[in-house]
Amino acid sequence: MANSYVQKVVRKVKKSNPHQPEFLQAVEEVLYSLEPLFAKESKYQDNAILERIVEPERQLQFRVAWTDDKGRIQVNTGYRIQFNSAIGPFKGGIRFHPSVNSSILKFLGFEQIFKNSLTGLAIGGAKGGSDFDPKGKSDAEVMRFCQAFMTELTRHIGATIDVPAGDIGVGAREIGYMFGQFKRLTTSFEGVLTGKAIPWGGSLARTEATGFGNVYFAENMLGVRKETIEGKTCAISGSGNVAIYTVKKLQQLGAKPVTVSDSRGCIYQPSGINLEVLQQVKEVERASLTRYAELCKDAQYISVKDYPKNQHPVWNVGAQLAFPSATQNEVTEDDAKNLLAKGCILVSEGANMPSVPAATEAFLKAGIAYGPAKCANAGGVATSQLEMAQNASMQKWTFDEVDGKLKNIMAGIFKAAHDTAEEFGQPGNYVMGGNIAGFRKVADSMIAQGVM
Ligand code: NDP
């Protein structure tokens, strides 16, 4: 009976969302893990919660026309998926990357519902973005694109309606241009975006939050296994915001991160990643990792082209702890096998849905500490909510205050996932524990608010 409820909804989602593989992957992963809950409680089926929760409250798709430096007209597609506002205003990042499409943003928005719920804060789920590629564009082009994008988005967002943040390809520069345009169009200085720069409403520790939060989550997972971060060799993929601050926190706690990557290749540095050089190359020069290899003579650069297909060099260096921090489906089944064969005891996901389903299954089966994205990377959105709280109360908290709250929030998420996994008879399964804990709060709120 309970099984057939999930299967029925999954069939319906497949039928009404053809050609959206990432969205279907996320829906199946969440829904099947909720089955033990439906076996205990019928109210979710009685109230058609699954049928409603897989359907975004609102999806916006719009034209973004702008002129490049040569005066030519360029056109991109803009999106905002306002997925669920049962527990608070819509909240979720904006991604600028050529791969962006409706399927990817719907998977991200869907995941965001449960992640935001797990933080214990009052934030609903959303995601947005565009197929615009900021790489290789001048600052002036990025500004004109951001202004054009925000000209449409302004009508649909607000400090108590929908508060976007950054994601892949959207950092402090892009947030600045979008915030400026919102202010110009509305004449309102409000906390409508998070990830703002410190002088005009940003929060200390927001830049660090996703990476730091992921390491705090990993510490919690290791804690129940009587292990610590100190002295461990770590593999990190990506070299953007999440990866950089994962490296930083790991180093502060005495671990040794030995890899970072970008879309073309990876750095393997057995002596440990040089954070200063990494920040110079990625945050200042916005260059490729080949530049890092030029500056660090003991670093080895491995091009992904020179590596077997379906495997990534980052996951084959013999790391004890792994932190995927680049993009969705980056950890393949072969990567999972390589990690496990070489003694990995923990995978904690900084990126969203970085492990393919077979890799997730392999980690769970092996019984290693596995922190799924919606638990492990929730520190970013949680600190965004702390930025909203500071904006709304016109206060400014110190770095340590925000970092302390972040640490508590990550401990709270861990406890929710851990205790719920035990409650449902699968101790240590934080996929199931996190999904059920996040879902219950949203679903109960939807029931309380009536049919809509
Ligand atoms: P950035 O744009 O700062 O960095 C992204 C990194 O991932 C870059 O190194 C990039 O390499 C690499 N990357 C992107 N796409 C691909 C791809 N298709 N194949 C291989 N590598 C790729 O983004 P963030 O660090 O902010 O985001 C990284 C991940 O973390 C994403 O999954 C995001 O959704 C998630 N996340 C981010 C949060 C945040 O607060 N920023 C919060 C929660 C989750 P290159 O430069 O060559 O493209």
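**Close-up views of Val 442 and the ligand site**

**View 1. Contacts of Val 442 in the predicted model.** Leaving aside residues up to four places away in sequence, Val 442 touches Ile 53, Asn 84, Ala 86, Ile 87, Ile 113 and Ser 117. Val 442 belongs to helix α18, which spans residues 430-448. The relative accessible area of Val 442 is 1%, so this residue counts as buried, the limit being under 20%. One of the residues touched, Ile 53, is 389 residues from Val 442 in sequence, while the C-alpha atoms of the two are 9.0 Å apart.

**View 2. Residues around the ligand.** The ligand is surrounded by 23 residues, and the closest are Lys 135, Asp 167, Thr 210, Ser 263 and Asn 352. By class, the shell around the ligand holds 14 polar, five charged and four nonpolar residues.

**View 3. Polar atoms of Asn 241, Gly 350 and Asn 352 beside ligand oxygen atoms.** A polar backbone atom of Asn 241 lies 2.9 Å from an oxygen atom of the ligand. For Gly 350, a backbone N or O atom is 3.4 Å from a ligand oxygen atom. Asn 352 contributes through its side chain, where an N or O atom is 2.8 Å from an oxygen atom of the ligand. On its own the ligand has 890 Å² of accessible area, and the protein covers 82% of this. Two or more residues of the shell around the ligand come from each of the elements α9 (206-223) and α10 (241-252).

Key: Residues numbered from 1 in each chain as written. Predicted model: local features only at pLDDT ≥ 70, side-chain atom pairs only at ≥ 80, totals over all residues. Heavy atoms only, no water. Near = heavy atom within 4 Å. Polar contact = N/O pair within 3.5 Å; in protein donor to acceptor, adjacent residues only side chain to side chain. Areas by Shrake-Rupley, 256 points an atom, 1.4 Å probe, with all protein chains shown as cover. Helix = DSSP H or I, 4+ residues; strand = E, 2+ residues; numbered from the N terminus. Nonpolar A, V, L, I, M, F, W, Y, C, P; charged D, E, K, R; others polar. Buried < 20%, exposed > 50% of the residue type's maximum accessible area, 1.4 Å probe, protein only. Contact = heavy atoms within 4.5 Å.
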